[in-house]
Amino acid sequence: MASRCWRWWGRSAWPWTPPLSVGSIPSFRHQFSTQETTPQICVVGSGPAGFYTAQHLLKQHPQAHVDIYEKQPVPFGLVRFGVAPDHPEVKTAHCGRCAFWGNVEVGRDVTVPELREAYHAVVLSYGAEDHRALEIPGEELPGVCSARAFVGWYNGLPENQELKPDLSCDTAVILGQGNVALDVARILLTPPEHLEKTDITKAALDVLRQSRVKTVWLVGRRGPLQVAFTIKELREMIQLPGTRPILDPVDFLGLQDRLKEVPRPRKRLTELLLRTAMEKPGPEEAARRASASRAWGLRFFRSPQQVLPSPDGQGAAGVRLAVTRLEGVGEATRAVPTGAMEDLPCGLVLSSIGYKSRPIDPSVPFDSKLGVIPNVEGRVTDVPGLYCSGWVKRGPTGVIATTMTDSFLTGQMLLQDLKAGLLPSGPRPGSAAIQALLSSRGVQPVSFSDWEKLDAEEVARGQGTGRPREKLVDPQEMLHLLGH
Ligand code: FAD
């Protein structure tokens with residue numbers, strides 16, 4: 001289910017339910033007494049996991065109060081900073097007034113033990129912000145960066161604004177074959193005039209207008225049956241104006257016969273790949289491809305071994321790839337090297353091989369191998385009153401719909417514990433105590449109404465240019481605009 005949902009949910013069943021104001025939630029038929037102490041709950045992180053967890057708690061408990069702490073001055077996590085700017089349909093989320101405290105980094109401005117002291121329960125929903133390193137020589141060269149940083153750059157994530165990728169080369173290689181890899185390839189190859197109508201940052205648009213990148217390769221260790229992207233993204237890529245796909249028919253030999261073994265979403269995806277690789281296009285499509293000035297291709301059965309330096313050592317000149325073959329069946333299929341090597345020339349290398357979370361506090365258990373907080377259905381192992389949801393709970397896979405389901409489950413576990421008397425009894429001060437702490441530390445939180453002012457400013461700056469908004473990318477400027 002999850003694997004086919006990337007855009008499908010975004011388009012037609014986008015489950016991001018807007019206003020999260022407690023007052024707007026209908027009354028409840030449930031088991032909590034209206035006489036009991038107000039449960040003070042705090043959520044760390046305002047991405048989909050944070051908001052969906054909060055939504056579940058507020059909906060299912062008549063008195064619960066939820067504060068969401070967010071390190072950025074603006075809410076929504078990857079919905080604002082990850083989802084590609086030419087996918088605006090998945091960015092229409094707005095949240096009503098709720099207890100949002102932006103510009104507060106948990107672990108720096110306030111600690112998890114301080115939050116636990118002030119609240120009956122704390123939910124960690126702070127996502128997976130680190131990318132997985134390639135761990136190959138040359139990875140540190142200029143011209144090599146993570147696809148995640150590249151996405152953050154064009155989407156206005158403050159910490160990625162210094163990236164300024166050099167797009168003066170004609171070939172880029174993306175290591176990975178998931179949706180983020182396809183998003184990045186699409187942004188690199190989309191004619192800039194099409195991006196002008198999106199909320200991509202102006203700085204990124206200016207760089208993309210000067211881009212000389214003509215070819216983008218997406219490299220995967222395994223084969224067409226193992227790609228991690230979904231059909232909508234692929235279809236969009238195949239139809240991208242001014243570009244043509246490059247697929248080697250040899251990679252697809254014998255695949256038709258195996259289609260009956262695979263689940264339906266994978267079957268449909270593979271059929272589209274097969275048609276694109278093996279069938280002669282109709283005259284119109286053939287003409288479109290012939291006139292395309294840009295191209296993208298999938299390189300299968302290749303595992304990166306080294307980023308090759310340019311002669312002056314100041315950039316990337318290519319990627320050395322080990323040729324692989326598959327061993328095993330089904331989910332257990334792995335790529336093993338055949339011993340053959342191949343060099344793929346390029347000037348830009350983007351790694352898109354996954355993410356991991358960071359530990360947030362020494363008092364919070366952390367599985368550094370898996371990059372997640374150890375938990376059972378959202379209850380953090382051995383720490384009563386501490387919960388987790390989203391990518392920090394289950395790892396960085398799945399779409400927003402998957403995140404919604406697991407966040408609701410975490411909310412459910414928390415409320416079960418509350419009902420069973422497993423959370424601290426007696427009143428807790430909640431945000432009053434934390435605001436006092438933050439103020440003593442010189443931290444000025446951004447409220448949801450502050451965010452609405454920033455939102456209005458962004459929209460106003462976009463007006464007249466035909467763009468939905470011009471994103472603010474500098475936190476200092478945001479705070480200045482708010483008079484902080
Ligand atoms: P996040 O969205 O990352 O939210 C975590 C939040 O926690 C962030 O706001 C972060 O600033 C905050 N935070 C981090 N550390 C702290 C701290 N110490 N203190 C306070 N706050 C903190 N899914 C789709 O369905 N459609 C798409 O088109 C799509 N595009 C994607 C594109 C990219 C590049 C990526 C990486 C993912 C995409 N996804 C998409 C997947 C989707 O974004 C995730 O499923 C979802 O965002 C995970 O939610 P989360 O709340 O766990 O994490």
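Asp 382 is exposed, with a relative accessible area of 75%, where exposed stands for over 50%, buried for under 20% and partly exposed for what lies in between, worked out with a 1.4 Å probe and the protein chains only. The structure is a predicted model, in which local features need pLDDT of at least 70 and side-chain atom pairs count only at pLDDT 80 or more, while totals for chains, interfaces and linings use all residues. Residues are numbered from 1 along each chain as its sequence is written, and side-chain values use heavy atoms, with hydrogens and water left out.

Asp 382 sits in the loop that joins strand E17 (379-380) to strand E18 (386-388); helices (H or I, at least four residues) and strands (E, at least two) are DSSP runs numbered from the N terminus. The phi angle of Asp 382 is near 65 degrees, which is a positive value in a residue other than glycine. Most residues other than glycine have a negative phi. Asn 103 also has a phi near 65 degrees, again positive and again in a residue other than glycine, and it belongs to the loop between strand E3 (99-101) and helix H4 (112-118). Asn 103, however, counts as buried, because its relative accessibility is 15%.

From these loops we can turn to the interior. The largest nonpolar core has 54 residues, and those with the most contacts inside it are Tyr 154, Val 184 and Leu 188; such a core is a set of buried Ala, Val, Leu, Ile, Met, Phe, Trp, Tyr and Cys residues joined through side-chain atoms within 4.5 Å. Helix H6 (residues 179-189) contributes the most to this core, giving eight residues. If neighbours within four places in sequence are set aside, Tyr 154 is in contact with several residues, among them Ala 84, Val 184, Ile 187 and Ala 204, where contact means heavy atoms within 4.5 Å. A second core, separate from the largest one, has 34 residues, including Phe 51, Ile 400, Leu 423 and Trp 451.

The model also holds a ligand. Of the 32 residues around the ligand, those that come nearest are Ala 49, Glu 70, Leu 78, Val 106 and Trp 391, and a residue is near when one of its heavy atoms lies within 4 Å. This shell divides into 17 nonpolar, 11 polar and four charged residues. A backbone N or O atom of Leu 78 lies 2.9 Å from an oxygen atom of the ligand, and a polar backbone atom of Val 106 is 2.9 Å from a nitrogen atom of the ligand. Of the 1,000 Å² of accessible area that the ligand has on its own, the protein covers 97%. Helix H2 (48-60) and helix H14 (400-419) are the elements that give two or more residues to the shell around the ligand.

Two further buried residues complete the tour. Cys 169, in the loop between helix H5 (147-155) and strand E7 (171-175), counts as buried because its relative accessibility is 14%. Not counting residues up to four places away in sequence, Cys 169 touches Arg 212, Val 213, Gly 347 and Leu 348. The C-alpha atoms of Cys 169 and Ser 211 are separated by 8.0 Å, although these residues are 42 apart along the chain. Leu 482, found in the segment after helix H17 (475-481), is buried as well, because its relative accessibility is 15%. Outside the residues up to four places away in sequence, Leu 482 touches Val 446, Asp 450, Lys 453 and Leu 454.

Terms used: A polar contact is a pair of N or O atoms within 3.5 Å; within protein, one must be able to donate a hydrogen and the other to accept it, and residues adjacent in sequence count only if both atoms are side-chain atoms. Accessible areas come from the Shrake-Rupley method with a 1.4 Å probe; for residues, only the protein chains shown count as cover. Ala, Val, Leu, Ile, Met, Phe, Trp, Tyr, Cys and Pro count as nonpolar, Asp, Glu, Lys and Arg as charged, and the others, Gly among them, as polar.
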